[in-house]
Amino acid sequence: MLTVSSNIIYMDQPRDNRLNANCYCIKSGRQMSYFEVEITDGGGRPVASVTTTGMHLSGEKL
């Protein structure tokens with residue numbers, strides 16, 4: 001997968017040393033895919049949000 005676009009929004013500093021990330025594939029097409037990632041600290045408070053669009057390379061399957 002080749003990154004076409006990526007955006008990171010930093011919302012707050014983590015209040016502890018633990019970070020959790022959940023990634024969601026919003027759309028996976030023949031040539032392009034779109035993902036969203038939510039990053040929280042150990043207390044579940046939002047720390048950052050990432051969106052990215054990727055282009056499938058030939059022969060690659062998700």
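## Briefing on a four-stranded chain

Val 37 stands opposite Val 50 in β4. The place of Val 37 itself is strand β3, and the model in which this pair is seen is a predicted one. The secondary structure of the chain comes to four strands and zero helices, and these elements follow the pattern β-β-β-β along the sequence.

**Strand pairing**

- Strand β1, residues 2–10, pairs with β4 in the antiparallel sense over eight bridges. Within this pairing, Tyr 10 has Ala 48 in β4 as its bridge partner.
- Strand β2, residues 19–28, and strand β3, residues 32–41, are also antiparallel, and nine bridges connect them. One of the residue pairs here is Asn 22 with its bridge partner Glu 38 in β3.
- Cys 25 offers a further point of reference, as it stands opposite Phe 35 in β3.
- Strand β4, residues 46–55, pairs with β3 over nine bridges, again in the antiparallel sense. In this pairing Thr 40 has Pro 46 of β4 as its bridge partner.
- Strand β3 therefore pairs with β2 and with β4, by the criterion that two strands pair if at least two bridges are found between them.

**Hairpins and turns**

- The connection from β2 to β3 is a hairpin of three residues.
- β3 and β4 likewise form a hairpin, with four residues between the two strands. Gly 44, which lies in that turn, has a positive phi of about 85°.

**Surroundings of Val 37**

- Val 37 has a relative accessible area of 17% and is therefore buried, since the cut-off for buried is under 20%.
- When neighbours within four places in sequence are left aside, Val 37 is in contact with Ala 21, Asn 22 and Cys 23, and also with Ala 48, Ser 49 and Val 50.
- Two of these contact residues also appear in the bridge pairs above: Asn 22 is partnered with Glu 38, and Ala 48 with Tyr 10.
- Val 37 and Ala 48 are eleven residues apart in sequence, and their C-alpha atoms are 8.4 Å apart in space.

**Exposed positions outside the strands**

- Gln 13 lies in the loop between β1 and β2. Its relative accessible area is 65%, so Gln 13 is exposed, the cut-off for exposed being over 50%.
- From Gln 13 to Gln 31 the separation is 18 residues in sequence and 36 Å in space, C-alpha to C-alpha.
- Ser 58 is placed in the segment after β4. Ser 58 counts as exposed because its relative accessibility is 76%.
- Ser 58 and Gln 31 are 27 residues apart along the chain, with 8.9 Å between their C-alpha atoms.

**Overall dimensions and packing**

- The C-alpha atoms of the chain fill a box of roughly 40 × 15 × 15 Å along the principal axes.
- The radius of gyration of the chain is 14 Å, whereas a compact globule of 62 residues would have a value near 11 Å.
- Of the 62 residues, 21% count as buried; Val 37 is one of the residues that are buried.
- Among contacts with a separation of 6 or more, 50% are accounted for by residues 24 or more positions apart.

**Surface and charge**

- The chain exposes about 4,800 Å², and carbon and sulfur atoms supply 51% of that area.
- There are 6 positive and 6 negative side chains in the chain. The centres of the positive and negative sets lie 8 Å apart.

Technical notes
Residues are numbered from 1 along each chain as its sequence is written. This is a predicted model: local features need pLDDT of at least 70, side-chain atom pairs count only at pLDDT 80 or more; totals for chains, interfaces and linings use all residues. Side-chain values use heavy atoms; hydrogens and water are left out. The radius of gyration is taken over C-alpha atoms; the globule rule is 2.2 Å times the number of residues to the power 0.38. Buried means under 20% relative accessible area, exposed over 50%, partly exposed in between (1.4 Å probe, protein chains only). Contact means heavy atoms within 4.5 Å. Accessible areas come from the Shrake-Rupley method with a 1.4 Å probe; for residues, only the protein chains shown count as cover. Lys and Arg count as positive and Asp and Glu as negative; His and the chain ends are not counted. The place of a charge is taken as NZ of Lys, CZ of Arg, CG of Asp or CD of Glu.
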